[in-house]
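Open the model in your viewer and keep the selection tool handy. We will walk through it together, one selection at a time.

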Amino acid sequence: MNYENIISTSQNAITTIAINRPSKLNALNKATIEELHDAFKTANNDASVKVIIITGVGEKAFVAGADISEFANFNVENGGKLAAKGQELLFDFVQNLSTPVIAAVNGFALGGGLELAMAAHFRIASDNAKMGLPEVSLGVIPGYGGTQRLPQLIGKGRAMEMIMTAGMIDANTAKDYGLVNHVVSQEELIPLAEKIASKIMRNSSVAISKAITAVNANYVDGVNGYKTEIEQFGNCFGTEDFKEGTTAFLEKRKAEFPGK
């Protein structure tokens with residue numbers, strides 16, 4: 001499919017989705033969110049795609065926030081619908097994909113940009129990356145999951161400080177906080193994402209999808225994550241991947257897992 005605001009390419013079982021609005025610092029508008037939803041859904045439904053990488057076009061920004069011009073005149077009802085629809089279409093959708101999603105953060109990841117990165121299963125960053133949730137400086141709060149995912153990732157106190165001050169942190173501070181896993185130069189960012197993806201692809205896509213479900217369960221109110229883990233663990237025993245993985249181990253050979 002041809003997109004206006006993103007570029008989606010697939011090679012070697014990896015789909016790379018890049019937000020392509022460099023003149024707007026890749027800001028998220030309604031059309032971009034809808035295109036991202038379609039691209040993520042398409043990649044997730046493709047049995048040949050084992051890993052998805054999300055990044056931004058250009059050297060300045062991953063995503064520098066939401067497109068404020070689209071909602072500056074919204075009322076209470078419209079604001080609530082904006083957050084609900086965005087979370088449904090993109091942020092919660094990405095978090096719960098069965099295909100692993102790596103956010104490769106290049107440059108500014110602010111507001112909705114940081115929220116998109118946090119919705120990915122984990123993050124790596126270039127050394128010029130800057131991250132923050134500046135919404136309170138506009139008179140609103142993060143509405144795409146930021147008040148929930150940031151404390152989960154870095155702790156309540158640090159998240160409160162970042163949200164209340166509307167300040168930015170650099171890539172190394174983000175790594176110290178546990179917000180990103182690795183920091184490299186901009187030139188090394190996508191190669192590192194692809195290297196990590198290649199390690200992921202050696203393993204069972206079916207088992208990985210069940211691990212994502214189990215890990216996410218720990219952050220759902222009223223859900224017993226341990227019970228979900230037990231259920232998903234048991235379900236693995238009925239898969240072809242389990243048969244192949246255990247047989248290959250016992251036969252002292254490399255497992256050849258079927259598609260997801």
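Let's start with the salt bridges: a search across the whole of this predicted structure turns up six of them.

Select R21 and D67 for your opening stop. These two residues form a salt bridge, and their closest N and O atoms are 3.6 Å apart. Now color the chain by secondary structure and see where each partner sits. R21 is in the loop between β2 (14–19) and α1 (30–45), while D67 is in the loop between β4 (61–63) and α2 (76–95). With 46 residues separating them, the pair links distant parts of the chain. Switch on the surface, and are these partners buried or exposed? Both R21 and D67 are buried.

Next, move to helix α2 and select E77 and K81. Their side chains meet in a salt bridge, with 3.1 Å from N to O. Why are E77 and K81 separated by about one helical turn? The reason is that they are four residues apart in helix α2. On the surface view, you will find that both E77 and K81 are exposed.

Now jump along the chain to E251 and R253. Here the side chains come together in a salt bridge of 2.7 Å, N to O. E251 has a relative accessible area of 49%, so it counts as partly exposed; the cut-off for exposed is over 50%. R253 is also partly exposed, because its relative accessibility is 35%. Add E244 to your selection: salt bridges with shared partners join E244, E251 and R253 into one network.

Time to leave the charges and look at nonpolar residues. Select L36, F40, I54 and M131. They belong to the largest nonpolar core, which has 45 residues, and these four touch the most other members. Apart from that core lies another one, made of 14 residues. To find this second core, select some of its members, including I53, L192, I196 and A197.

For the last stop, turn the surface back on and select I68, L138 and V140. Together they make a nonpolar surface patch of about 250 Å². Keep L138 highlighted and trace the chain around it. Which elements flank its loop? L138 lies between β8 (130–132) and α4 (146–154). L138 counts as exposed because its relative accessible area is 51%, and the cut-off is over 50%.

Terms used
Residues are numbered from 1 along each chain as its sequence is written. This is a predicted model: local features need pLDDT of at least 70, side-chain atom pairs count only at pLDDT 80 or more; totals for chains, interfaces and linings use all residues. Side-chain values use heavy atoms; hydrogens and water are left out. A nonpolar core is a set of buried Ala, Val, Leu, Ile, Met, Phe, Trp, Tyr and Cys residues joined through side-chain atoms within 4.5 Å. Buried means under 20% relative accessible area, exposed over 50%, partly exposed in between (1.4 Å probe, protein chains only). Patches are made of residues with over 30% relative accessible area and no salt bridge: like charges are joined within 9 Å, nonpolar side chains (Val, Leu, Ile, Met, Phe, Trp, Tyr) within 5 Å. Accessible areas come from the Shrake-Rupley method with a 1.4 Å probe; for residues, only the protein chains shown count as cover. A salt bridge is a side-chain nitrogen of Lys or Arg within 4 Å of a carboxyl oxygen of Asp or Glu. Helices (H or I, at least four residues) and strands (E, at least two) are DSSP runs, numbered from the N terminus.
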